[in-house]
Amino acid sequence: MNTSLPTLYLSHGSPMIAIEDSPAARFLDRLGPVIERTFGRPRAALVVSPHSSTRQPMVLAGARHPAIHDFGGFPAELYAQRYDAKGAPALALQASRLLAAAGIEAPAVEAEGLDHGIWTVMKRAWPGAEVPVVPLTLVPTASPAQQWAIGAALAPLAAEGVLVIGSGAMTHNLRRFFGLRGAVDPAAADVVAFQDWVRDRAAVRDWPALFDYRRQAPEAAQQHPTDEHWLPFYVAAGAGGDTPGVRIHDSVDAGVLAMDGYAFGPQAERLKQALQAA
């Protein structure tokens, strides 16, 4: 393919998204086919997830990436899930060089495997592992602006048919989530307020406010007691360039776990329209 792609922020929430039905799961099921019909099959997906965290960014250059079951206390059906994606070693080296050119040290390392923040969303979108995957580790101590810079360095990849994805969760207060499990309607007012604030700020490219979300977003600490599941948003946004963020999905699980998805870049609105028409 030679069509440029939007960049994506996708909420994975709980690893149960791999096997449970939900609005977010059905959105991901549609996402892969819609991307292929609209843009063609991606050359590969470069995905950053909070479940692979390191002190500096690293690009995994393994030839294959099997699913890693990096969680405990879930049903046996979830542990039976398999996902075996091809890697893209040459792309991993290219990503490492792009980051180095921006002054960001991010070595390509001979490592394999997909954490659940990566393989659950990829399995829903491309269940046959049709798209090669390059994992990028997250630096959880880096600021939103620093995450943005990592994404900006990778922006050329989107023009070359690489799908750059930040996988996380729009809100991620797990203590609250497990305490209210089953209370699926209505969504908590403070969760909706956070969703709306992000939507409104992203739509007008108010990146300074978004970088300062801890102080400016409504009840940010309630939505993200720690922000590692939110930080991949900025990688995806930076890779999309200075364009509006377009919300392509919104839903809330158990009343408190927002599962929104966003697209960035010149092709973001096209993807939104294609999803609406699907």
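Here is a short chat about two helix pairs and two buried residues in a predicted model.

Student: Let's start with α5 and α11. Why are these helices called oblique to each other?

Tutor: Look at the angle: the axes of α5 (residues 144-158) and α11 (residues 232-239) cross at roughly 40°. Roughly parallel needs an angle under 35 degrees, and roughly perpendicular runs from 65 to 115. The pair fits neither class, and α5 and α11 are therefore oblique. Their axes come within 6 Å, and the crossing is right-handed.

Student: Which residues make that contact?

Tutor: On the α5 side you'll find P144, Q147, W148, I150, G151, A152 and A155. From α11 come Y234, V235, A237, G238 and A239. Sorted by class, the residues of this contact are nine nonpolar, three polar and no charged.

Student: What about α1 and α12, how do they pack?

Tutor: Helix α1 (residues 23-39) packs with α12 at an angle of about 115°, and the axes are 10 Å apart. This crossing is right-handed. F27, R30, L31, V34, I35, T38 and F39 of α1 meet R270, L271, A274 and L275 of α12. That contact has eight nonpolar, one polar and two charged residues.

Student: Now A268. What makes this residue count as buried?

Tutor: Buried means under 20% relative accessible area. A268 has 1% relative accessibility, so it counts as buried. You can find A268 in helix α12 (residues 268-277). Leaving out residues up to four places away in sequence, A268 touches P6, V246 and A263.

Student: And how far is A268 from L231?

Tutor: Along the sequence they are 37 residues apart, and in space the C-alpha atoms are 20 Å apart.

Student: Where does S251 sit, and is it buried or exposed?

Tutor: S251 lies in the loop between β9 (246-249) and β10 (252-253). Set its 12% relative accessibility against the 20% cut-off, and S251 comes out under the limit, so it counts as buried.

Student: How do you know that S251 and H249 share a polar contact?

Tutor: The distance tells you: a polar contact calls for N or O atoms within 3.5 Å, with one able to donate a hydrogen and the other to accept it. The side chains of S251 and H249 are joined by such a contact at 2.8 Å.

Student: Which other residues does S251 touch?

Tutor: Not counting residues up to four places away in sequence, S251 touches P23, A24, Q195, L257, A258, M259 and D260.

How values were computed:
Residues are numbered from 1 along each chain as its sequence is written. This is a predicted model: local features need pLDDT of at least 70, side-chain atom pairs count only at pLDDT 80 or more; totals for chains, interfaces and linings use all residues. Side-chain values use heavy atoms; hydrogens and water are left out. Axes are lines fitted to C-alpha atoms, for helices over the stretch in contact, and angles run from 0 to 180 degrees between N-to-C directions. Helices (H or I, at least four residues) and strands (E, at least two) are DSSP runs, numbered from the N terminus. Angles under 35 degrees count as roughly parallel, over 145 as roughly antiparallel, 65 to 115 as roughly perpendicular and the rest as oblique. A crossing is left-handed if the near helix is turned anticlockwise from the far one by less than a right angle, and right-handed if clockwise. Contact means heavy atoms within 4.5 Å. Ala, Val, Leu, Ile, Met, Phe, Trp, Tyr, Cys and Pro count as nonpolar, Asp, Glu, Lys and Arg as charged, and the others, Gly among them, as polar. Buried means under 20% relative accessible area, exposed over 50%, partly exposed in between (1.4 Å probe, protein chains only).
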